Amino acid sequence: MTNLQPLDFEKNVARALKDKQLIKNIKSAMDTLVLKRKNIFSNTAETEQLRVLGNSTKTNALSKLPELLERLEKKCTQNGIKVHWAETIPEANQLVLDIMKSHQATRLVKGKSMVSEEMELNAYLQKNGIEALETDLGEFIIQLNHETPAHIIVPAIHKNKDQISKIFHDNIPDAPYTENVDELNAIARKTLRHKFKQADVGLSGVNFAVAETGTLCLVENEGNGRMCTTVPGVHIALMGLEKVVEKLEDLPPMLRLLIGSATGQLITTYVNMITSPRKEGEKDGPKEVHLIILDNGRSKIFADPQRRKTLYCIRCGTCLSHCPVYNRIGGHAYGYIYPGPIGKILNPQVEGLEAAGVLATASSLCNACEEVCPVKIPIPELIRRIRNESYSKDPASTVEGHGYKSNWIESLVWKIWTFINTSPRINAAGIKVLAALGLKLPKAGPLKQWTRYRSTPEFAPQSLHELVKQNGVHNE
Amino acid sequence: MHTYPENPQKVYYFGTCLVDMFYPGAGMAGIKLLQQKGVKVIFPSQQTCCGQPAYNSGFPDEARTVARKQIELFSEDYPIVVPSGSCAGMMRHHYPKLFENDPRIDQIKKFSERIFELSEFLVHALNIQLEDQGPPIKVTWHSSCHALREMGVTEDSKSLIRQLKNVELVELQREHDCCGFGGTFAVKQPAISAAMVKDKTEDIRKTGATRLITGDCGCLMNISGAMQYDKTSISGQHLAEFIWERINDEPSTA
């Protein structure tokens with residue numbers, strides 16, 4: 001079950017802005033995340049160096065993406081990991097189901113995976129008679145409450161302790177009502193331990209896949225990822241095709257960037273490096289490991305050199321935490337599982353502009369996201385690109401649905417704007433007319449929106465051009 | 001780090017469209033501050049807008065047409081001073097991107113290097129010293145996102161306020177937060193923008209200041225507009241105009 005409806009962004013925003021509890025929860029949690037990141041990256045010169053390195057690591061990896069993916073497949077296969085390719089979400093879901101069926105498996109435990117959220121895997125498996133259980137605490141909470149993640153890193157961050165107490169009490173059989181954090185943790189642990197033991201298959205995401213060695217790297221703090229990837233007999237790892245890096249030595253700086261940006265830690269409690277299934281003579285680990293590599297629109301993004309930078313994203317979520325818009329409306333209002341600044345550029349490119357183009361309007365272009373992005377994605381530049389393609393009828397445009405917003409009124413407005421601003425005399429005369437009309441201007445269109453919350457801007461009786469002339473300032 | 005001209009004798013002044021229409025006093029104050037330091041100010045009379053509204057709205061062709069017209073007007077090799085972090089950011093950092101495929105890109109890059117935001121120019125190129133003549137006042141400072149993150153001039157602006165001995169500067173708790181203006185964002189996403197400016201005005205109120213000073217007229221129009229709408233008694237003013245009034249005890253338009 002999902003709480004996502006077709007995107008009615010305006011309605012979602014209105015609903016979110018009214019939800020005081022939601023805004024309060026989001027804001028206080030984001031303040032904490034921002035502060036933690038600031039503390040861990042307190043040396044600005046070193047952080048900048050690290051970000052430059054992060055950017056060049058991704059630039060390098062994506063510059064030879066097809067080759068690295070082939071190398072990854074080859075290495076993984078040599079190591080005994082079965083590699084599967086999925087161009088679309090239905091294909092990826094089918095692959096998971098087929099693996100489950102081939103083991104007559106009916107129970108799946110899941111570590112945190114945004115790709116699985118992208119696939120709406122849980123709902124798909126449920127329809128096919130398979131129980132898929134989230135074991136990351138945040139994901140567990142929102143699964144109980146039939147919600148999608150509100151944040152890439154901290155999925156249940158929109159809920160406070162009291163709300164979680166109620167969710168547990170209402171949804172976990174025999175769970176007593178408690179607001180004690182340790183007791184809540186114990187309830188979750190007890191429930192999940194039991195499920196880990198029963199599960200036939202474990203599923204996880206992948207933070208980085210190393211082409212050189214065929215290593216799947218996975219970071220987490222709860223140990224549930226380790227459990228999902230070691231306890232059940234079969235492990236399925238899901239990754240977007242952009243997650244590949246070239247060398248093992250790329251990992252330390254990338255991990256430092258990912259972890260510092262995501263949770264403000266130096267290192268997570270668990271760093272899993274998975275290179276093969278259980279080998280002969282080994283006492284634990286899954287007997288079978290599968291890697292499913294998902295495209296779902298990524299190769300189209302990859303084909304355009306500017307848009308390709310979207311694929312640098314390592315899903316640290318720090319652009320969300322720093323975004324003034326995300327801070328005011330939370331994650332669900334965006335309507336897709338990737339919210340915030342990265343969602344504003346990713347969703348329109350994956351889902352098409354008609355479906356998700358509106359998200360690009362939800363930015364004041366304050367650049368807070370670009371300032372903190374660990375791999376230096378020029379998010380504002382890409383937002384401008386999406387906005388441009390929304391109107392563009394140019395056949396060279398590459399985003400699906402380009403030109404969907406193209407209309408003669410908006411085009412005319414900008415043509416007139418251009419004409420006025422390249423015709424100084426008309427500009428001066430226009431300003432004079434506006435100044436004379438002043439407060440009598442009809443409150444329509446943009447002015448109507450502006451004056452919903454602000455007083456009407458007052459034109460000055462004399463423009464700067466006029467004052468400059470009066471004061472004898474040189475004009476050439 | 002940007003390099004600043006030494007002992008500049010002549011500068012161009014780009015007034016910006018918002019200053020032209022809504023805050024000409026701020027524009028004049030900037031010119032007079034430069035003149036008072038013995039700098040000859042040239043204001044090409046055909047100037048209009050830097051092109052940012054179209055650029056940010058997804059109309060780069062229109063932005064280019066308007067920007068090209070401005071570039072032609074500032075042809076001599078003088079520094080170009082702009083009383084706005086946002087417009088200066090557009091002209092210094094975005095013009096080279098906007099014209100990256102233009103045959104004259106080298107010339108445009110040189111133009112962009114000549115762009116300076118007013119307070120950084122007063123501090124670094126002119127080493128301005130301010131003698132405060134005004135009565136005691138408590139003010140707070142709002143930095144535009146582009147002054148902060150593109151131009152990096154916030155500390156320069158605040159250092160000018162701190163030079164004024166009767167002025168107490170109380171900083172905002174969330175100085176780095178956007179005020180919600182964002183050009184067309186304010187009218188395309190009015191509800192989100194309103195939530196942002198509401199938080200900003202609350203932060204301003206909490207400082208106990210009687211005046212809000214900022215270096216960008218977009219933010220000024222947004223924040224003062226919201227404060228007026230809420231009937232808050234705090235007034236907003238552009239930094240240049242504030243400084244001019246403090247050191248000369250007269251309005252910049254006198």
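Visitor: How many residues does the contact take from chain B and from chain A?
Guide: Keep in mind that we're looking at a predicted model. Both chains chip in to this contact, and the counts are 57 residues from chain B and 49 residues from chain A.

Visitor: Which element gives the largest share of the side of chain B that touches chain A?
Guide: Look at a helix spanning residues 190-206 of chain B. By class, that side of chain B has 33 nonpolar, 16 polar and 8 charged residues. The largest share, 7 residues, comes from helix H11 of chain B.

Visitor: Why is chain B called as compact as a globular protein of its length?
Guide: Chain B has 13 helices and 8 strands. For 254 residues the globule rule gives 18 Å, and chain B is as compact as a globular protein of that length because its radius of gyration is close to that, at 18 Å.

Visitor: What percentage of the residues of chain B count as buried?
Guide: To count as buried, a residue needs 20 or more other C-beta atoms within 10 Å of its own. Run that over the 254 residues of chain B and you get 57%.

Visitor: Over in chain A, at what angle do helices H3 and H12 pack?
Guide: H3(A) covers residues 44-63 and H12(A) covers residues 251-263, with their axes 10 Å apart. H3(A) brings residues including Leu50(A) and Gly54(A), while H12(A) brings Met254(A) and Leu257(A), among them. The crossing is left-handed, and the angle is about 115 degrees.

Conventions:
Residues are numbered from 1 along each chain as its sequence is written. Chains are lettered from A and ligands numbered from 1 in the order in which they are written. This is a predicted model: local features need pLDDT of at least 70, side-chain atom pairs count only at pLDDT 80 or more; totals for chains, interfaces and linings use all residues. Two residues are in contact if their C-beta atoms, placed from the backbone, lie within 7 Å. Helices (H or I, at least four residues) and strands (E, at least two) are DSSP runs, numbered from the N terminus. Ala, Val, Leu, Ile, Met, Phe, Trp, Tyr, Cys and Pro count as nonpolar, Asp, Glu, Lys and Arg as charged, and the others, Gly among them, as polar. Axes are lines fitted to C-alpha atoms, for helices over the stretch in contact, and angles run from 0 to 180 degrees between N-to-C directions. A crossing is left-handed if the near helix is turned anticlockwise from the far one by less than a right angle, and right-handed if clockwise. The radius of gyration is taken over C-alpha atoms; the globule rule is 2.2 Å times the number of residues to the power 0.38. A residue is buried if 20 or more other C-beta atoms lie within 10 Å of its own, exposed if 12 or fewer, and partly exposed in between; C-beta atoms are placed from the backbone.
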